[in-house]
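Biologist: Please take me through the side-chain contacts, setting each value against its criterion.

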Amino acid sequence: MPRETEPPTGGHPPRDPERVGSPDPSEPAALRAPAVPVHGPGPGGDPSRGYRAVFAVVEFRAVFAAHLLSLLGVVVSELALTVLVYDLTDSPLLSALTFALGMLPYLVGGTLFAGIADRYPARRVLVTCDLICAACVAVMVLPGTPVAGLLLLRCLVAAVSPVFTGTRMAALTDILGEGDLFVLGRSLLRIVSQSALLAGFGVGGLLLAVVSPRGAITITVVTFLCSAALLRIGTRDRPARTTGKGGGTLLGESLAGARLVLGHRRIRALLLLFWLPPAFVVAPEALAAPYADEIGVGSAALGLLMCAMPVGSIAAELYTGAALSPRTRSRVVLPLAAAGLLPLVLYGFRPGVALAAVALVLAGAGSAYVIGLDQWFVEAVPDELRGRAMTVLTAGLMTLQGVGMALAGLAAEFFPVHQVVAGAGAVGTLCLLVLVAEVRRTAPAHRIRTEVRDGADQHMTSG
């Protein structure tokens, strides 16, 4: 395959590769990040120093708290809105559609509005997105809002989400630098996201036992407003990455950014490495209830199957981020990505709950490859394109997970569930072996030389 033209490099001065967060006299003292090394823990060092260094950055603490609040609110509101739609319609289809609408608009929002992430200051974008979501949820609470209106508002919130997430990811490189602190910061946000899935539905279920669905949704309004306040007060007002004075429209900038991102061979390969494993690994989660019915187990076993993969993901991410050095995390990216879906092949033997749970924990643990991949992605994307690239990443990730769930459900209409899950593991592994070879071929020359010098050339250069 011919090598495509590289996008222009950013015009910003390079950051100090050894330290980030050096004090700037023009910044408010409360928002100055301490000078901390970007490198993670080395062999024999304190295994938790890396994560502690991330929390030492005041701005990140505000971002982390805002993420935790808004995420718990979203999970609770999704559950409450699904119950509310079912109460109003008695339709399982519309109730399920409420969940689906949380993923489908990501493609539209992430493609058409991606330019917002680079065209306007990050803090303004983040706060505005939170306020838009709070307004949408507030209208959902009104008793006169029809079901069609509820679904439309759900779509609008979902369309705003990739812009918010992409902008926040790009802003983290300003807050934490482009080195290991950024990687660990992203890791912490992912851990919170996985944990929210485990805790949020439980909290939402208990909440719905004491308040109405509309009452539970009202809580989400408060969480969005608190998130907006934290981001407004706790983060610096940095300038936009691009000026937007080139005469192009926002839609034009968004589409042009998507073309640049997807047209760059290295960035495209890395995006696919983010997207493909989750697209296949959702199969056992999407089919957990049918599989529990297939093997004849009850709701308690179903709950275990639903929790197993997030538990594996959280445990592996914590270990990889805290105990491994940045160099080691980089070395394991491709092996973990290539082998991460193989545990799903165990479903071909129609295992019981215990063995299926082990397979799901191992499949979840395979997602730890993303920690090293984050660093590769930041290195590959120029600064002025970073917000749009992060937004496209988020949009594609959510969209392909939705497609993966739909295809798994469709396949289960014609084949036994255990064969569908095993097939997803086998086909996904074959696709990833091809993709891993492409990622190796597009590796920058300086990275290959470094890996060879460090004795890790099998990871980047062998094929």
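Biologist: What makes the contact of Asp374 and Arg186 a salt bridge?

Modeller: A salt bridge requires a side-chain nitrogen of Lys or Arg within 4 Å of a carboxyl oxygen of Asp or Glu. The side chains of Arg186 and Asp374 meet at 3.1 Å, N to O, so the criterion is fulfilled. Asp374 belongs to helix H18 (residues 369-380) and Arg186 to helix H8 (residues 180-208), so the bridge ties together parts 188 residues apart in sequence. Helices here are DSSP runs of H or I with at least four residues, numbered from the N terminus.

This is a predicted model, in which local features need pLDDT of at least 70 and side-chain atom pairs count only at pLDDT 80 or more, while totals for chains, interfaces and linings use all residues. Residues are numbered from 1 along each chain as its sequence is written, and side-chain values use heavy atoms, with hydrogens and water left out.

Biologist: Why is Asp374 called buried?

Modeller: Buried means under 20% relative accessible area, exposed over 50%, and partly exposed in between (1.4 Å probe, protein chains only). Asp374 has a relative accessible area of 2%, so it is buried. Arg186, at 11%, is therefore buried as well.

Biologist: Why does the contact of Glu317 with Arg190 count as a salt bridge?

Modeller: The closest N and O atoms of Glu317 and Arg190 are 2.8 Å apart, so the distance meets the salt-bridge limit. Glu317 lies in helix H14 (residues 299-323) and Arg190 in helix H8, so parts 127 residues apart in sequence are tied together. Both Glu317 and Arg190 are buried. A network of salt bridges links Arg186, Arg190, Glu317 and Asp374.

Biologist: How do you know that Glu438 and Arg265 are buried?

Modeller: Glu438 has 11% relative accessibility, so it counts as buried. Arg265, at 8%, therefore also counts as buried. Their side chains meet in a salt bridge of 2.7 Å, N to O.

Biologist: Why is the ring pair of Phe60 and Phe64 called tilted?

Modeller: Rings of Phe, Tyr and Trp (its six-membered ring) pair if their centres lie within 6.5 Å; planes under 30 degrees apart count as stacked, over 60 as edge-to-face and the rest as tilted. The ring centres of Phe60 and Phe64 are 6.0 Å apart and their planes stand at 40°, so the pair is tilted.

Biologist: What makes the pair of Phe274 and Phe377 edge-to-face?

Modeller: The ring centres of Phe274 and Phe377 lie 5.5 Å apart with planes at 85°, so this pair is edge-to-face. Both Phe274 and Phe377 are buried.

How values were computed. Helices (H or I, at least four residues) and strands (E, at least two) are DSSP runs, numbered from the N terminus.
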